[in-house]
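Got the model open in your viewer? Here's a short tour, one selection at a time.

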Amino acid sequence: MTKHIFWIASYPKSGNTLVRSILCSLFFSDNGMFRFDLLKKIVVFEEFSRLAKCFNTTENNINQKGWEERNYLIFENMKEIQKKINLGFSEDFAFFKTHFNGNFNGQNFLIDNYLRGIIYIYRDPRDICLSWARHDNISKNDSLKFMFNDSACIKWIGHDKYKKYDKNIPVYISSWEKHVRSWINLKVECPYLLLSYEDLVYDKINTVDKIIKFFESNYNIKISNKNIKTKNIINSTAFGFLQEMEKKEGFNESVNEQFFAIGKKEQWKTELDGSQISLIENKFKNLMQKLNYKMFS
């Protein structure tokens, strides 16, 4: 099998974890009941342990390099790793979470010969501003600066956690608009599923059905216990259910406060002031309208 990689991509705080939860429950459980340890089946691609196998230098040397040089090293190694058929999974395919599709020079890292499918999730940037501010423990205005920054990066800690100022792997994010366009403007010869965060939360039944049909129709994949799994996936990946699970067990992707914090759309209407809303809408107006988000200002 050559075309073995499914990419699950999104801008931070846009629903990637929720989609991975659905996929893990669908493919890696018997009954569709989600639990946090299932997420180990769909890990972030930009892990140092994976990339280090291809580095021709030491971790310390890499950390002493500038952002762009480190990002270049990672970008080149991401392409090399895709060529390896044995990804450590027993199946003939693997899911990987990732972020921006490219590097500082605008080159994307996907190799068509190894690309089996893509799922991309987008979210209203006005709500992302609030969610990212909570997640990274920064002000709303600093969150806006991050979302507007074409050179924005985050850094991963260990397997799951990330934080901007740690010295570990730099992951290029770019601005919200460049990030989204890096995926929705792709010219690829593989099945592609585009999902919205809002549908994931507010139209869960139809969204789960859309995900299942994506795999059934494009890959002739048969889902065992589909009816039972679908019901349990919808219940066990409901936002309130995930919140309670995190309170009881903790969640290793949480950095500063509860990861599953609010999970509602249009929080921005009461949480952002008029100038902040205008800044976002003026900056991202064309793309927001393309994604059917209504302008407020």
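Before the first stop, a word on residue classes: Ala, Val, Leu, Ile, Met, Phe, Trp, Tyr, Cys and Pro count as nonpolar, Asp, Glu, Lys and Arg as charged, and the others, Gly among them, as polar. Keep in mind, too, that this is a predicted model.

**Stop 1: the largest pocket**

Select Glu198, Lys265, Glu266, Asn292 and Tyr293: of the 17 residues lining the largest pocket, these lie nearest its centre. The space in this pocket comes to about 320 Å³. Colour the lining by class and you should get 10 charged, five nonpolar and two polar residues.

Which helices each supply at least two residues of that lining? Show α5 (125-136), α8 (197-202) and α12 (268-271). Of the lining, α8 gives the largest share, with three residues.

**Stop 2: α5 against α13**

Keep α5 on screen and add helix α13 (residues 274-290); the two axes come within 10 Å and cross at roughly 130 degrees. An angle of that size makes α5 oblique to α13. To see the contact, pick Pro125, Arg126 and Cys129 on α5, then Ile277, Ile280, Glu281, Phe284 and Met288 on α13. By class, the residues of this contact are six nonpolar and two charged, with no polar ones.

**Stop 3: α1 against α9**

Now move to helix α1 (residues 16-27) and helix α9 (residues 204-219), which pack at an angle of about 60 degrees with their axes 11 Å apart. Roughly parallel or oblique? α1 and α9 are oblique to each other, because angles from 65 to 115 degrees are what would count as roughly perpendicular and those under 35 as roughly parallel. The crossing of α1 and α9 is right-handed.

Show side chains for Leu18, Ile22, Leu23, Leu26 and Phe27 in α1; across from them, Lys204, Val208, Ile211, Ile212 and Phe215 in α9 make the contact. That contact of α1 with α9 has nine nonpolar residues, one charged and no polar.

**Stop 4: α9 against α10**

Leave α9 selected and bring in helix α10 (residues 226-236). The axes of α9 and α10 are 10 Å apart, at an angle of about 135 degrees. So α9 is oblique to α10, and their crossing is right-handed.

Which residues of α9 meet α10? Pick Lys204, Ile205, Val208, Ile212 and Glu216, which meet Lys226, Thr230, Ile233 and Ile234 in α10. Sorted by class, the contact of α9 with α10 holds five nonpolar, one polar and three charged residues.

To finish, select Lys204, Val208 and Ile212 on α9: these residues meet α1, and they meet α10 as well.

Terms used: Residues are numbered from 1 along each chain as its sequence is written. This is a predicted model: local features need pLDDT of at least 70, side-chain atom pairs count only at pLDDT 80 or more; totals for chains, interfaces and linings use all residues. Side-chain values use heavy atoms; hydrogens and water are left out. On a 1 Å grid over the protein atoms alone, a cavity is a set of points where a 1.4 Å probe fits but cannot get out, and a pocket is an open set with protein on both sides within 12 Å along at least five of seven lines; lining residues have an atom within 4 Å of a point. Grid points are joined across faces, edges and corners, and a volume is the space filled by probe spheres set on the points. Helices (H or I, at least four residues) and strands (E, at least two) are DSSP runs, numbered from the N terminus. Axes are lines fitted to C-alpha atoms, for helices over the stretch in contact, and angles run from 0 to 180 degrees between N-to-C directions. Angles under 35 degrees count as roughly parallel, over 145 as roughly antiparallel, 65 to 115 as roughly perpendicular and the rest as oblique. A crossing is left-handed if the near helix is turned anticlockwise from the far one by less than a right angle, and right-handed if clockwise. Contact means heavy atoms within 4.5 Å.
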